[in-house]
Amino acid sequence: MKRYRFRLDPLLHLRESLRDQRRAQLADALRVDVSLNEQKERLLADQQRARHGYTAHVGAVNVDRLLEAQRFATVLEVERLALEQQLAKLKVEIEKRRLALVDADQQVRTLEKLRDTQAERWRLTGERLAQRELDEIAIQRHARQEAL
């Protein structure tokens, strides 16, 4: 009996390719998320050092240095806010990519289940045909023996 061939195999391979692409896109977004969070941590540490820089002095105050430190702290705050906006947008994008991956994975699993079901049906049909042939052979042998 010839080997089973799933008619929708090209579609299954296409869906698997799409799923792998979605998985890679999600991984890219997660790497960007990690990078932005690391950047945010560094920014928060810089802000902490900047605050400490202009609040730790006792005695005579250098006004220019104080203004420069405050400007630097303001720049860092603006950068932090922009980074948090990027993180919020990225969070939405990650969720979209995660849902796209779930959908693509479900499509692949559906086709795999169909393939497995059809392969099992093919196997059972083949076994029934083989059993019929064996039964026919047995009937013919029995008829020949009775004829003798």
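The following exercises, each with a worked solution, treat side-chain contacts and burial in a predicted model.

Residues are numbered from 1 along each chain as its sequence is written, and side-chain values use heavy atoms, with hydrogens and water left out. Because the model is predicted, local features need pLDDT of at least 70 and side-chain atom pairs count only at pLDDT 80 or more, whereas totals for chains, interfaces and linings use all residues.

**Exercise 1. The nonpolar core**

Task: Determine which residues make up the largest nonpolar core and which helix supplies its largest share.

Solution.
Step 1. A nonpolar core is a set of buried Ala, Val, Leu, Ile, Met, Phe, Trp, Tyr and Cys residues joined through side-chain atoms within 4.5 Å. Buried means under 20% relative accessible area, exposed means over 50%, and partly exposed lies in between (1.4 Å probe, protein chains only).
Step 2. The largest such core has 12 residues in all: Leu 26, Ala 29, Leu 36, Leu 43, Ala 50, Ala 73, Leu 76, Leu 83, Leu 87, Leu 90, Ile 94 and Leu 101.
Step 3. H1 and H2 each supply at least two residues of this core, and the largest share, seven residues, comes from H2. Helices are DSSP runs (H or I, at least four residues), numbered from the N terminus.
Step 4. For one core member, Ala 29, the contacts (heavy atoms within 4.5 Å) can be listed. Apart from residues up to four places away in sequence, Ala 29 touches Leu 90, Ile 94 and Arg 97.

**Exercise 2. The aromatic pair**

Task: State which residues form the aromatic pair and how it is classified.

Solution.
Step 1. Rings of Phe, Tyr and Trp (its six-membered ring) pair if their centres lie within 6.5 Å; planes under 30 degrees apart count as stacked, over 60 as edge-to-face and the rest as tilted.
Step 2. The structure holds one aromatic pair. Its members are Tyr 4 and Trp 122, at 5.8 Å centre to centre with 55 degrees between the planes, and the pair is therefore tilted under the ring criteria.
Step 3. The pair links distant parts of the chain, 118 residues apart: Tyr 4 belongs to the segment before helix H1 (9-55), and Trp 122 to helix H2.
Step 4. Trp 122 has a relative accessible area of 33% and is therefore partly exposed.

**Exercise 3. Arg 80 and its partner**

Task: Decide whether Arg 80 is buried or exposed, and identify what its side chain binds in a salt bridge.

Solution.
Step 1. Arg 80 lies in helix H2. Its relative accessibility is 15%, so Arg 80 counts as buried.
Step 2. A salt bridge is a side-chain nitrogen of Lys or Arg within 4 Å of a carboxyl oxygen of Asp or Glu. Arg 80 forms one with Glu 77, the closest N and O atoms being 2.4 Å apart.
Step 3. Both residues lie in helix H2, three residues apart, about one turn of the helix. Glu 77 is partly exposed, at 27% relative accessibility.
Step 4. Leaving aside neighbours within four places in sequence, Arg 80 is in contact with Leu 43, Leu 44 and Gln 47.

**Exercise 4. Glu 127 and Arg 123**

Task: Describe the salt bridge between Glu 127 and Arg 123.

Solution.
Step 1. Glu 127 is placed in helix H2 (residues 63-147).
Step 2. The side chains of Glu 127 and Arg 123 meet in a salt bridge at 2.3 Å, N to O.
Step 3. Because Glu 127 and Arg 123 are four residues apart in helix H2, about one helical turn separates them.
Step 4. Glu 127 is partly exposed at 42% relative accessibility, and Arg 123 is partly exposed with a relative accessible area of 38%.

**Exercise 5. A buried acid without a salt bridge**

Task: Find which side chain of opposite charge is nearest to Glu 16, and describe the salt bridge of that residue.

Solution.
Step 1. Glu 16 lies in helix H1. Lys and Arg count as positive and Asp and Glu as negative; His and the chain ends are not counted.
Step 2. Glu 16 is buried yet has no salt bridge; the nearest side chain of opposite charge is Arg 19, 4.9 Å away. This distance lies outside the limit of 4 Å, so the two do not form a salt bridge.
Step 3. Not counting residues up to four places away in sequence, Glu 16 touches Val 108 and Glu 112.
Step 4. Arg 19 itself is buried, with a relative accessible area of 15%. Arg 19 forms a salt bridge with Asp 20, with the closest N and O atoms 3.6 Å apart. Asp 20 is partly exposed, at 39% relative accessibility.
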